[in-house]
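Subject: Structure handover and notes

Hi,

Here is the structure for you to look at. My notes follow below it.

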Amino acid sequence: MGNNKGYVTVGKPKINGAIFRAPVGTPYPIPADDTPLAYAAAATEELDAAFECMGYVSSDGMTNNNSKTSTEIRAWGGQVVLAPLTEHTDTFAGTFIESLNAAVQKAANGDDNVSGSMEQGGMLITIDSSDDIEHVYVIDMIITGGAKKRIVIPYGKISEVGEISYKDDEAVGYPLTIMCLPNPADEKNHYEYVAPKPSITLDKTTATVAVSGTTAITATVVPAGAAITWASSNTAVATVAAGTVTGVAAGEATITATFGGTTAACKVTVTA
């Protein structure tokens, strides 16, 4: 496969929230099986209601430090004969600028140190030296071409809270670093799921069929192999099943194929 500029991407947050937090044990997206369609589903499925949105992050976005360090073992004469991995650091860091968001305060100071919320009329935040406990974190973003990327951290722990500044010309931000700890189920630190933007096209936009006759409409979907929902705007004129249209009575009907929130249509004329 040669160069493909369509594979070069940027990462932008989802408009309705990009970073979510929930207690460990909350169900999180996992592919139902080892297939590309299952990976795409994990990238797009709705999160459990227990996930709290942590709101806006500063324009610096999120950074992932996924560094590995090996130790070189040399034989007599200086030749490297082994390089075992000795250290692996996997963290995500960003500055959360919704300082009045209870979910941000809980992440920065601990769940037990935050009571109430702005929505409830007031919030109490206490500061102490208690250690953070693990949570599930999900980071959602939109990448080039409308594709979706989701990062799931099953065991994330706030390992660092940076300096908080109160100034009159910038938002109060909480610089937080999330350390990805190994998932006891498989020793993986985090998962990344990517799904292309759903699309559907038909091989024709108009068609003519006689009463009791049939005509076939072919749909092409991305991702390939996804299930399509077919429908007719007027089943008294024409019906459709798996893309095969059957004329019932003279008139017109619109046949639609739907997948992933996108729809393609074909106007069908039935002749006597």
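How many bridges pair strand β21 with strand β22, and in which sense? Strand β21 (residues 251-259) and strand β22 (residues 262-271) are joined by nine bridges, in the antiparallel sense.

Before the rest, the ground rules. This is a predicted model, with residues numbered from 1 along each chain as its sequence is written; local features need pLDDT of at least 70, and side-chain atom pairs count only at pLDDT 80 or more, while totals for chains, interfaces and linings use all residues. Side-chain values use heavy atoms, with hydrogens and water left out.

Helices (H or I, at least four residues) and strands (E, at least two) are DSSP runs, numbered from the N terminus. Two strands pair if DSSP finds at least two bridges between them.

**The four-stranded sheet**

β21 and β22 belong to an open sheet of four strands, in the order β15-β22-β21-β18. Its pairing is mixed. β15 and β18 (229-232) are the edge strands, each with a single partner, so one side of each has no neighbour in the sheet. On average, neighbouring strands here are turned by 25 degrees against each other, direction ignored. (Strand axes are lines fitted to C-alpha atoms; angles run from 0 to 180 degrees between N-to-C directions.)

Between β21 and β22, Phe259 stands opposite Thr262. β15 and β22 run parallel and are joined by five bridges. There, Ala210 has Thr271 of β22 as its bridge partner.

β15 also has two distinct faces. Ala207 and Val209 are on the covered face. Thr206, Thr208 and Ala210 are on the uncovered one. In a regular strand, side chains alternate between the two faces of the sheet.

**The three-stranded sheet**

A further open sheet has the order β16-β20-β19, with antiparallel pairing. β16 (214-216) and β19 (238-241) are its edge strands and pair on one side only. The average turn between neighbouring strands of this sheet is 25 degrees, direction ignored. Three bridges pair β16 with β20 (residues 244-247). Thr215 stands opposite Val245 of β20.

**Two positive phi values**

Most residues other than glycine have a negative phi. Ser212 has a phi near 75 degrees. Ser212 sits in the loop between β15 (206-210) and β16. Ser212 is exposed, at 63% relative accessible area. (Buried means under 20%, exposed over 50%, partly exposed in between, with a 1.4 Å probe and protein chains only.)

Ala242 is also positive, with phi near 55 degrees. Ala242 lies in the loop between β19 and β20. Its relative accessibility is 70%, which counts as exposed.

**Cores**

A nonpolar core is a set of buried Ala, Val, Leu, Ile, Met, Phe, Trp, Tyr and Cys residues joined through side-chain atoms within 4.5 Å. The largest has 22 residues. Met54, Tyr137, Ile153 and Leu176 touch the most other members. β7 (85-96), α2 (102-109), β10 (135-143), β11 (147-161) and β12 (174-180) each supply at least two residues of this core.

A second, separate core has 20 residues, including Ala226, Ala264, Cys266 and Val268.

Contact means heavy atoms within 4.5 Å. Leaving aside neighbours within four places in sequence, Leu176 is in contact with residues including Met54, Phe92, Ala107 and Ile158.

Met179 lies in β12. Met179 is partly exposed, at 33% relative accessible area. With the same neighbours left aside (within four places in sequence), Met179 has contacts that include Asp90, Thr91, Tyr155 and Lys157. Met179 and Thr69 are 110 residues apart in sequence and 17 Å apart in space, C-alpha to C-alpha.

**Helix α1**

In α1 (residues 36-44), Ala38, Ala40, Ala42 and Ala43 are buried. β11 and β13 (191-195) are among the elements that cover the buried residues of α1.

**Cysteines**

How many disulfides does the structure hold? Zero. A disulfide here is a pair of cysteine sulfur atoms within 2.5 Å. Why is Cys53 not bonded? The closest cysteine sulfur, in Cys180, is 18 Å from the sulfur of Cys53, so the two are too far apart for a bond. Cys53 is partly exposed, at 31% relative accessibility. Cys266 is buried, at 0% relative accessible area.

Best wishes
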